[in-house]
Every structure is written in C-alpha cells, then in structure tokens.
Amino acid sequence: MEPRAGQADLLDSRERAILLAVAREALEAYVRSRIRIALRDDHGSGALRRPRAAFVTLRIGAGLRGCIGRTVHDAPLAECVRDGAVNAARNQNCYIFFHD
C-alpha cells in the first residue's frame with residue numbers, strides 16, 4: 001500500500017520521544033550552563049536528520065511559557081527542535097521566524 005500524501009513525513013512514536021528528549025536536554029543544558037548541546041547519534045535517524053521546519057511550544061502546566069517556529073527547511077529537524085526549545089525559553093514573546 002502506497003502512503004498517502006504527507007504520510008511519509010510523519011514521525012513515529014520513537015522519533016517523537018527523541019525530539020522531546022532533545023528539547024528537554026537542550027533546555028536543561030542552557031539553564032544550567034548556558035551551552036548548546038551537541039546532537040548525538042542517538043538523537044535520530046534519517047527522519048530527524050533531514051532538513052525540516054519546526055514549531056516548538058513550551059508549557060508550564062496548562063499555561064503557555066514560550067513558542068517559536070521556523071518555516072524554512074534549512075536545518076535538520078532535531079537541530080531545529082534543540083534550538084527552538086532554547087529560543088522559546090529565552091524569549092518572552094511568541095513569534096515565528098520567517099526567512100526570505
């Protein structure tokens with residue numbers, strides 16, 4: 001059976017869990033040491049290493065803490081999530097980064 005349009009781009013539960021771990025590790029490293037974590041081999045396979053756009057939302061309970069998005073496919077998905085998590089936490093305003 002052929003995948004429907006867009007299905008090939010969907011992440012499985014393992015890949016989603018990896019992205020959540022990347023975001024959490026990135027936030028912890030930034031808060032503790034102001035450093036940007038390096039992506040490890042276990043931070044994903046092909047799908048997480050392919051250039052993708054991403055939108056990251058941080059919540060505290062039911063409240064919104066921060067959000068940021070990238071609309072261009074110019075960096076690997078895991079990298080976009082790592083950087084987005086830190087940027088969403090650092091910036092008080094929610095915004096989307098648009099690239100010309």
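Visitor: What makes strands S1 and S2 count as joined, and how do they run?

Guide: DSSP has to find at least two bridges between two strands for them to pair. Seven bridges join S1 (residues 54–60) to S2 (residues 63–70), so they pair, and they run antiparallel. Strands here are DSSP E runs of at least two residues, and helices are H or I runs of at least four, numbered from the N terminus. One bridge links Leu 58 to Gly 66 in S2.

By the way, this is a predicted model: local features need pLDDT of at least 70, side-chain atom pairs count only at pLDDT 80 or more, and totals for chains, interfaces and linings use all residues. Residues are numbered from 1 along each chain as its sequence is written, and side-chain values use heavy atoms, leaving out hydrogens and water.

Visitor: What sits between S1 and S2 in the hairpin?

Guide: Two residues, and Gly 61 in that turn has a positive phi of about 65°.

Visitor: Why is the charge of Arg 34 said to sit over the ring of Tyr 30?

Guide: The rule wants NZ of Lys or CZ of Arg within 6 Å of the ring centre and within 35 degrees of the ring normal. The charged end of Arg 34 is 4.6 Å from the centre, so the distance fits, and it is listed as sitting over the ring.

Visitor: Which residues does Leu 58 touch?

Guide: Contact means heavy atoms within 4.5 Å. Not counting residues up to four places away in sequence, Leu 58 touches several residues, including Leu 27, Leu 64 and Ala 85.
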